[in-house]
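Work through the following exercises with the sequence and the coordinates at hand. Each task is followed by a solution in steps.

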Amino acid sequence: MSRNSFAALIIGFAFVATAIPALAHHSETAEYDTTKPVKVTGTISRVEWTNPHIWFYVDVKDENGTVTTWGFSAAPPGMLMRRGITKEQLKIGAVVNVEGSRARDGSNNASGRRVTFADGRNVFTASAEDVGR
Amino acid sequence: MNRFFALRPFAVALFVSFLMSIGGASRSQAQTTPAIPRTADGKPDFSGVWSSPTTVNPTGPRGQGIFNQDKMAPIKPGAENLLYQPRNGDPLHDEPRAACMPSGFPSGMLYALPVQIFQTPKYLVIVHELQRSTRIIPLDGRPHRTDLEPTYYGDSVGKWDGDTLVIDTNNFKRWILDDYHYTDPTKSRWHTDALHTIESLKRIDEKTISYRITIDDPKIFTEPWSQDFRMTYHPDWEEIGLLEYVCQENNRCVGGNCKASNP
């Protein structure tokens with residue numbers, strides 16, 4: 001990614017605030033440590049459109065070029081589908097910024113609480129309280 | 001002719017007029033009652049895909065699918081620890097559903113995934129997308145089953161009270177009451193094995209079921225209490241229908257200990 005496109009990405013993030021709700025079949029605190037926030041930017045490398053949560057994986061490259069893959073969980077497929085969100089919208093290769101809380105075991109897994117797309121797409125618009133209703 | 005007979009034609013006319021006014025009033029009332037779908041035998045028809053019940057008295061933004069503590073009956077002295085269980089780190093205790101155990105009733109009914117209702121003169125069947133659990137509720141007047149082990153969803157029987165369907169459920173095992181733990185990370189909320197519930201469903205217009213749950217748990221509360229919810233009809237969800245929901249499919253991080261994904 002060039003320096004300019006990365007700057008554009010950051011600007012995009014500043015204007016778009018989208019969220020995958022933490023509301024799922026468990027409370028966030030059961031599995032994730034909300035005192036350990038995670039915020040990474042990378043490319044989507046895999047999507048598992050499964051119950052009880054979808055998972056998507058983001059490859060994050062550090063300044064030395066080392067790639068770390070983070071797993072993020074989100075709502076169940078049914079909740080997302082009824083909000084018009086499909087698997088196709090989480091495209092492999094898409095650049096995203098994801099915020100969440102780290103898994104309690106300290107692994108590179110987290111709740112995917114907030115997802116921001118580089119081009120301003122805003123697909124996760126519903127508030128957590130409206131999920132599935 | 002005595003006075004009574006002299007007045008009889010007037011009395012008859014007055015009585016007929018009274019009957020006509022009653023008929024007119026009921027016709028007028030019928031005209032203002034919203035039309036709702038009905039089955040062939042004239043009962044309100046609950047068939048279709050519905051959103052899960054949302055409370056009309058939320059405790060906060062995450063309180064849509066939980067009971068409002070302010071509207072419960074008083075807790076009996078010493079019963080607070082039966083209702084509220086502090087987390088102890090064991091997923092089976094803190095949030096059984098997180099470990100793919102059954103949500104149970106009423107917790108599963110209030111969870112934010114839709115239900116599909118099927119109705120015959122003999123049964124009402126509620127299929128939840130959550131865990132694909134199914135409640136089969138006889139409507140033929142049979143009594144509760146006896147000599148069963150207590151269960152997560154209890155034993156339900158239904159009957160009609162006019163246009164209201166009343167579902168009576170007993171024979172519960174002690175289990176989590178609702179998703180209170182979404183609003184308080186320190187503890188969860190439970191019912192006892194003495195729980196007895198009454199649900200009242202009334203289709204108040206084409207799009208809405210008024211849904212009331214009465215909680216009667218005499219080991220915890222001084223008296224029964226009721227709370228009101230609403231369910232919304234979603235014909236737009238019917239074409240795709242309910243999705244499969246196999247919790248064990250890819251439940252990666254139970255208790256915060258993550259394992260590799262299944263797919």
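Helices (H or I, at least four residues) and strands (E, at least two) are DSSP runs, numbered from the N terminus. The model is a predicted one, in which local features need pLDDT of at least 70 and side-chain atom pairs count only at pLDDT 80 or more, while totals for chains, interfaces and linings use all residues. Residues are numbered from 1 along each chain as its sequence is written, and chains are lettered from A and ligands numbered from 1 in the order in which they are written.

**Exercise 1. Confidence**

Task: state the model scores and find where pLDDT stays under 50 in chain B.

Solution. Start with the scores: ipTM is 0.79 and pTM is 0.84. Next take pLDDT, the predictor's confidence in each residue, from 0 to 100. Its mean over chain B is 89, with 87% of the residues at 70 or more. Two stretches of chain B stay under 50: residues 1-7 and residues 12-31. Then count contacts, where two residues are in contact if their C-beta atoms, placed from the backbone, lie within 7 Å. Beyond four places in sequence, residues 1-7 of chain B have one contact, and residues 12-31 of chain B have zero.

**Exercise 2. Chain inventory**

Task: list the helices and strands of chain A and of chain B, then give the buried share of each chain.

Solution. Chain A holds three helices and six strands; read from the N terminus, their order is α-α-β-β-β-α-β-β-β. Chain B holds four helices and 13 strands. For burial, count C-beta atoms placed from the backbone: a residue is buried if 20 or more others lie within 10 Å of its own, exposed if 12 or fewer, and partly exposed in between. By this count 44% of the 133 residues in chain A are buried, and 31% of the 263 residues of chain B are. Finally, consider contacts between residues at least 6 apart in sequence. Those joining residues at least 24 apart make up 65% in chain A and 54% in chain B.

**Exercise 3. Sheets of chain B**

Task: give the strand order of the four-strand sheet and of the six-strand sheet, and identify the edges.

Solution. Two strands pair if DSSP finds at least two bridges between them. The four-strand sheet is open, antiparallel and ordered 1-4-5-6. Strand 1 (48-50) and strand 6 (134-138) of chain B are its edges, each pairing on one side only. From one strand to the next the twist averages 20°, where axes are lines fitted to C-alpha atoms, for helices over the stretch in contact, and angles run from 0 to 180 degrees between N-to-C directions. Inside this sheet, strand 4 (residues 115-119) and strand 5 (residues 123-128) of chain B share five bridges, and B:Q116 faces B:V127 across them.

The six-strand sheet is also open and antiparallel, in the order 2-13-12-11-8-7. Its edges are strand 2 (54-55) and strand 7 (155-161) of chain B; each has a single partner strand, so one side of each lacks a neighbour in the sheet. Strand 2 of chain B is joined to strand 13 (residues 225-232) by two bridges, with B:T55 opposite B:F229.

**Exercise 4. Two residues of chain B**

Task: place B:Q85 and B:S226, and classify their exposure.

Solution. B:Q85 lies in strand 3 (residues 84-86) of chain B. It has 15 other C-beta atoms within 10 Å and is therefore partly exposed. Leaving out residues up to four places away in sequence, B:Q85 touches B:H93, B:K187, B:S188 and B:W190. Its C-alpha is 9.4 Å from that of B:I176, 91 residues apart in sequence.

B:S226 belongs to strand 13 of chain B. B:S226 is partly exposed because it has 16 C-beta neighbours inside 10 Å. Under the matching sequence filter, B:S226 touches B:R212, B:I213 and B:T214.

**Exercise 5. Core and interface**

Task: describe the largest nonpolar core and the contact between the chains.

Solution. A nonpolar core is a set of buried Ala, Val, Leu, Ile, Met, Phe, Trp, Tyr and Cys residues joined through C-beta atoms within 7 Å. The largest has 36 residues, and among the members that touch the most others are A:I54, A:F56 and A:F72. Helix 4 (107-110) of chain B is one of the elements that supply at least two residues to this core. A second, separate core of 16 residues includes B:I117 and B:F229.

For the interface, count 34 residues from chain B and 30 residues from chain A. The chain B side divides into 16 nonpolar, eleven polar and seven charged residues. Here Ala, Val, Leu, Ile, Met, Phe, Trp, Tyr, Cys and Pro count as nonpolar, Asp, Glu, Lys and Arg as charged, and the others, Gly among them, as polar.
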